[in-house]
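Student: Please take a close look at one part of this model, the way its strands are paired. After that, follow a few single residues so that I know where to look.

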Amino acid sequence: MEDLEHFQQVSGTHLVRSLKEAMERIRRTPDAAGVQLLDIRDFPGQGHATTGILDVFWDDKGITTPDEFMRFNADVVLLLSCKERTFFAGEPIHVDVRISHYGKEPLEDAVIQWRLISNDVILNEGEWKTGNIQCGSVMSLGSIVATAPHEGAAAFRIEAELISGDLERTVANVWHGWSFPFYQSHPSSNRFWNTVAELKPFLGEAHDDSVDRIDGFQLLKNREIDLVIVQSLTPNVVDYVVNGGSVWLQPTAEGLYDSVETKYLPVFWNYLMFATQPGATMGMYLRDRLALLGSFPHDGASDWHWYHLVNGTPAICLDTLPGVEPLIEVVDHFHRAKRLAYAFEAKVGKGKILVSSLPFANLAVMKRPEAAYLFQEILAYLNGDQFRPATSISVAQLLGIVKLQTIQFTL
């Protein structure tokens, strides 16, 4: 029941964030005739669609407030947009500011005021005059030029408001972004054995070799390797982990049993009526103090800095591992209700394994600041004292999740 309440909250938060982006994109389009929603409330027919910001009785679901909703659904909306949501620390940020004005009266002597805030501290701020704004138009008001936070990984927001002198009307909106330090190789990378060619640029002095060269007996005897990174589960990798090794397994969808294709955006209508749609999941649930993520910023729910990490990423089905807790949990649609995750960990024999499906082997994704930083934080976790899985699984259970590959197919 506790998880159910969390699922309701994070899936609702994800719905509102996705709806805000979609509606603001339409409001930024000059020739758009308007916005049509299926409904503002959940629809109980056709398999039940939880697509509303209100429940079926028109009551508050607790996922947004009237003021928040009116920021992007009113006669006058201040619109903020940028080509990216994630930045390297200290990188310049250029945010386009527009207004969609379909109110009854022109806005005269208008002024834009803005501030960039991180950890409740104002880092940048400014203002400018925009003059008069006529009704029935979408127009550019200029750009905000700021700098992403310089220190560490940070979530930040840009708050902007337009103040009309004559009408004394204020229109406000908020835009969220994230910044990350440049990637740094792990200081103990010389104690990693890497078999994924695409990860070589990110692993410094790691030992790079093919999976068929892994000799678990020698690795454990010589004690020169602390972590083995593989994409496929082969007999020698199983032997290594069972006898005390640490493994980070990054399987593709083809290497998993019963994986579920996901996308960043929430399910359309419901899974029952549109079972063939890609995704059909409802966002992520991230527990507090999740050591795996290190300092990667999150508030427990899906947000736009996760987009390139999870859009099109296969979710791992944990239905056959009832004792294993998902680390990065995917909220499945209630008609299907599978236990899904992008990452889980377990003890296997004398060793331990982290299984994750995030696309770190995709070089285009790894060029992004959020992906490289998350990879760095997970490496630090795996090579630290906090990597202590609480649950043991058997080899048979592991092989029920991940397909066993023969060595000649992974050369």
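Tutor: The answer below goes from sheet to sheet and then turns to single residues.

The model is predicted, so local features need pLDDT of at least 70 and side-chain atom pairs count only at pLDDT 80 or more, while totals for chains, interfaces and linings use all residues. Numbering starts from 1 along each chain as its sequence is written, and side-chain values use heavy atoms, without hydrogens and water.

Begin with an open sheet of 5 strands, in the order β2-β8-β7-β4-β5 and with mixed pairing. Strands here are DSSP runs of E with at least two residues, helices are runs of H or I with at least four, and both are numbered from the N terminus. Two strands pair if DSSP finds at least two bridges between them. The edges of this sheet are β2 (86-88) and β5 (121-133); each has a single partner strand, so one side of each has no neighbour in the sheet. From one strand to the next the twist averages 25°, taken between axes that are lines fitted to C-alpha atoms (for helices over the stretch in contact), with angles from 0 to 180 degrees between N-to-C directions.

Strands of a sheet pair through backbone hydrogen bonds, either parallel or antiparallel. At the β5 end of the sheet, β4 (residues 107-118) pairs with β5 in the antiparallel sense over 10 bridges. To find one point of this pairing, look for I112, which stands opposite W128 in β5.

Next comes an open sheet of 3 strands, with the order β1-β3-β6 and antiparallel pairing. Here β1 (76-81) and β6 (137-147) are the edges, each with a single partner strand, so one side of each is left without a neighbour in the sheet. Ignoring direction, neighbouring strands of this sheet are turned by 20° against each other on average. Strand β1 is joined by 6 bridges to β3 (residues 92-101), and the two run antiparallel. One place to see this is S81, whose bridge partner in β3 is D96.

Strand β11 (residues 227-230) has parallel pairings to look at. Strand β9 (residues 192-194) pairs with β11 in the parallel sense over 3 bridges, and N194 has I229 in β11 as its bridge partner. Strand β12 (residues 246-249) also runs parallel to β11, joined to it by 3 bridges; there, V228 has V247 in β12 as its bridge partner.

In a regular strand the side chains alternate between the two faces of the sheet. In β11, L227 and I229 point one way and V228 and V230 the other way, and all are buried. Buried means under 20% relative accessible area, exposed means over 50%, and partly exposed is in between (1.4 Å probe, protein chains only).

Another buried residue is H14, with a relative accessible area of 0%. H14 belongs to helix α1 (residues 2-27). Its C-alpha atom is 6.2 Å from that of G283, although the two residues are 269 residues apart along the chain. By contrast, F274 is partly exposed at 35% relative accessible area. F274 sits in the loop between β13 (260-261) and β14 (281-285).

The charged side chains come last. The structure holds 20 salt bridges, each a side-chain nitrogen of Lys or Arg within 4 Å of a carboxyl oxygen of Asp or Glu. In one of them, E159 meets R157, with the closest N and O atoms 2.7 Å apart. E159 is buried at 17% relative accessible area, whereas R157 is partly exposed at 24%. Another salt bridge joins R213 and D209 at 3.9 Å, N to O. R213 counts as exposed at 52% relative accessibility, and D209 as partly exposed at 22%.

A further pair is E325 and R287, with the closest N and O atoms 3.3 Å apart. E325 lies in the loop between β15 (314-317) and β16 (328-332), and R287 in the loop between β14 and α5 (307-310), so the pair ties together parts that are 38 residues apart in sequence. Both ends are partly exposed: E325 has a relative accessible area of 47% and R287 one of 22%. Salt bridges that share partners join this pair with D3 and E329 into one network.
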